Amino acid sequence: MQNRTMIEPFRIKSVEPIKVTTREERVKYLEAAKLNVFLLKAEDVLLDWLTDSGTGAMSSAQWAAVMLGDESYAGAKSYYKLKETLADITGMEHFIPTHQGRAAEKVLFGAVCKNGDLIPNNCHFDTTRANLEFLEVEAVDLVIPEGLQPDAIHPFKGNIDLGRVEDLLKNNGDRIPFGMLTITNNTGGGQPVSMANIREYSQLLKKYGKPLIMDVCRFSENAMFIKMREPGYENKTIREICREMFGYADGATMSAKKDALVNIGGFIVLRNDQWLDKVREMLILFEGFLTYGGMAGRDMEAMAVGLEEGMDEDYLRYRLRTAEYLGEKLETMGIGFVKPTGGHAVYIDAKSVLPNMPIEQYPAWALSCALYIEGGIRGVEIGSVMFGKRLTDGTETYHSMELVRLAFPRRMYTQSHFDFAAEAIGEVKASADKIRGVRITRQAKFLRHFTAEFEWV
Ligand code: F0G
């Protein structure tokens with residue numbers, strides 16, 4: 001079996017047609033969208049790889065579960081079913097349902113953090129950082145140095161740098177209410193964190209009396225990487241690995257739109273009741289009653305099934321192979337990307353395609369426009385538009401990497417879609433000297449990439 005093509009381990013039961021567009025039409029659509037792919041109509045996109053969040057295909061078992069949804073306001077059966085599933089995987093007693101990941105962040109941070117605090121993390125995702133900064137809490141990224149070098153090969157590039165964490169705990173301990181860890185590390189390339197790193201980080205935090213909160217959007221992908229790469233885990237089941245990972249944490253936030261294989265949903269889980277009253281207050285204030293938060297009963301049913309399907313080993317093997325497959329094709333064309341490929345996405349290094357474009361012209365953003373125009377592919381810039389800032393004096397700060405992320409919805413695209421994408425990306429590289437940079441004409445203060453408007457330089 002080893003040398004054969006890895007097949008998608010599912011059959012297709014229901015299809016959604018893709019509208020075929022021409023290059024000329026796409027130029028028009030992109031200009032109407034102010035050169036921001038977030039502002040395109042989805043129907044004008046051929047391969048929608050903007051995000052793996054909430055975009056996957058639910059299984060027939062999940063759709064069947066939808067019909068079991070108990071929509072009671074309080075005490076719904078669906079809540080208890082999901083609580084039980086989560087307790088089995090995470091070992092945590094308290095389950096707080098929210099409508100998606102950022103709501104879990106808002107509720108937890110709002111309950112626990114105060115102005116002037118500081119949170120260490122391998123890398124904060126954009127919404128996590130924004131939710132902290134909104135509360136005037138400093139979000140500090142401490143991924144290991146390899147995690148910031150697209151070319152550096154390391155099996156666990158999502159690991160947090162424990163030396164720098166300890167410095168921070170020593171010098172700023174009084175400002176740190178808890179430590180965070182994002183698995184997999186989305187911002188750094190969908191890169192996994194090793195079990196050893198999770199364990200040591202948790203012990204280090206414990207030594208200073210600080211809880212560990214994990215951001216676990218892609219925990220089963222992380223577990224599969226541990227199984228494949230970390231000695232001692234090759235014969236463990238994904239469930240066993242997940243239980244051990246969660247065992248080191250005191251709580252977690254999750255956007256269920258990723259590894260729980262649902263289109264909407266999220267939650268907080270907590271091991272003890274230290275913050276529970278405050279968290280529940282915030283939940284009721286912003287999301288909903290304790291037993292549904294921001295979700296319908298049917299969403300919770302689908303999630304309970306999706307969490308289990310997301311831990312299936314055959315599915316996970318195929319899932320990680322998908323990104324690796326596209327990575328191999330890019331490698332043969334001399335296109336740089338974050339190596340090794342992560343779990344849910346391929347992150348193209350825009351500087352390898354546009355080495356001469358000045359940073360002020362946002363090369364990764366410019367590349368995301370070119371991919372849409374040439375191939376109808378929608379990816380997302382993870383660079384200086386997303387993570388840079390315009391300061392009050394009008395100057396700009398820039399991000400250390402200029403990446404375009406192609407994130408793959410789960411169980412949705414087949415191998416020929418990836419072959420097509422590789423061909424289109426190759427054509428973009430071949431005519432890279434014609435790609436124009438962009439300038440921002442309009443932007444918001446927080447999360448500016450979602451709505452910013454641009455013009456060609
Ligand atoms: N944390 C991580 C690591 C994420 O990747 C995301 C979302 C969130 C938190 C927030 O969750 O969207 O449900 O509110 N990531 C998506 C992405 C949007 O495209 O990577 P949310």
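Helices and strands here are DSSP runs, numbered from the N terminus, a helix having at least four residues and a strand at least two. With that in hand, note that you are looking at a predicted model, and pick out threonine 184 in the loop between β5 (179-182) and α7.

**Stop 1: two cis peptide bonds**

Stay on threonine 184 and add isoleucine 183. The peptide bond from isoleucine 183 to threonine 184 is cis, and its omega is near -15°. Most peptide bonds are trans. Now jump to lysine 339 and proline 340, where the bond from lysine to proline is also cis, with omega near -15°. Proline 340 sits in the loop between α12 (313-332) and β9 (345-349).

**Stop 2: positive phi**

Next, select lysine 34. What is its phi? Lysine 34 has a positive phi of about 55°, although it is not a glycine. Most residues other than glycine have a negative phi. You'll find lysine 34 in the loop between α1 and β1, and it counts as partly exposed because its relative accessible area is 39%.

Leucine 447 is another one to click on: here phi is positive at about 50°, and again the residue is not a glycine. Leucine 447 belongs to the loop between β15 (438-442) and β16 (453-456). With a relative accessible area of 26%, leucine 447 is partly exposed.

**Stop 3: two buried polar side chains**

Go back to the loop between α1 (23-32) and β1 (47-48) and select asparagine 36. Buried or exposed? Asparagine 36 is buried, since its relative accessibility is 0%. Turn on polar contacts and you can follow its side chain to the backbone oxygen of alanine 452, at 2.8 Å.

Then try serine 384, in the loop between β11 (380-382) and β12 (389-390). Serine 384 is buried too, with 0% relative accessible area. Which backbone atom lies 2.9 Å from a polar atom of the serine 384 side chain? That's the backbone nitrogen of histidine 399.

**Stop 4: salt bridges**

Show the charged side chains. How many salt bridges does a search of the whole structure find? The count comes to 32, and a few are worth zooming in on.

Begin with glutamate 374 and arginine 23, whose side chains meet in a salt bridge at 2.8 Å, N to O. This pair links distant parts of the chain, with glutamate 374 in helix α14 (residues 363-375) and arginine 23 in helix α1, 351 residues apart. Glutamate 374 is partly exposed at 25% relative accessible area, and arginine 23 is partly exposed at 39%.

Move on to lysine 207 and glutamate 166, where the closest N and O atoms of the salt bridge are 2.9 Å apart. Lysine 207 is in helix α7 (residues 195-207) and glutamate 166 in helix α6 (residues 162-172), so this pair ties together parts that are 41 residues apart in sequence. Colour the two by accessibility: lysine 207 is exposed, at 59%, whereas glutamate 166 is buried, at 19%.

Now for arginine 239 and glutamate 308. Their salt bridge has its closest N and O atoms 2.5 Å apart. Because arginine 239 lies in helix α9 (residues 238-247) and glutamate 308 in helix α11 (residues 297-309), the pair ties together parts 69 residues apart in sequence. Arginine 239 is partly exposed, with 26% relative accessible area, and glutamate 308 is partly exposed at 32%.

To finish this stop, select Asp52, Arg218, Glu221, Asp259, Arg319 and Arg410 together: salt bridges link them in a network.

**Stop 5: out on the surface**

Switch to a surface view and highlight Glu93, Asp273, Asp277 and Glu281. What do these residues form on the surface? They gather in a patch of negative charge. Glutamate 281 is part of helix α10 (residues 276-286). Its relative accessibility is 52%, so glutamate 281 counts as exposed.

**Last stop: a long ruler**

Select glycine 116, in the loop between α4 (101-112) and β3 (118-121). Glycine 116 is partly exposed, given its 30% relative accessibility. Draw a distance from its C-alpha atom to that of arginine 11: the two atoms are separated by 52 Å, and the residues are 105 apart along the chain.

Conventions: Residues are numbered from 1 along each chain as its sequence is written. This is a predicted model: local features need pLDDT of at least 70, side-chain atom pairs count only at pLDDT 80 or more; totals for chains, interfaces and linings use all residues. Side-chain values use heavy atoms; hydrogens and water are left out. Patches are made of residues with over 30% relative accessible area and no salt bridge: like charges are joined within 9 Å, nonpolar side chains (Val, Leu, Ile, Met, Phe, Trp, Tyr) within 5 Å. Accessible areas come from the Shrake-Rupley method with a 1.4 Å probe; for residues, only the protein chains shown count as cover. A salt bridge is a side-chain nitrogen of Lys or Arg within 4 Å of a carboxyl oxygen of Asp or Glu. Lys and Arg count as positive and Asp and Glu as negative; His and the chain ends are not counted. The place of a charge is taken as NZ of Lys, CZ of Arg, CG of Asp or CD of Glu. Buried means under 20% relative accessible area, exposed over 50%, partly exposed in between (1.4 Å probe, protein chains only). A polar contact is a pair of N or O atoms within 3.5 Å; within protein, one must be able to donate a hydrogen and the other to accept it, and residues adjacent in sequence count only if both atoms are side-chain atoms.
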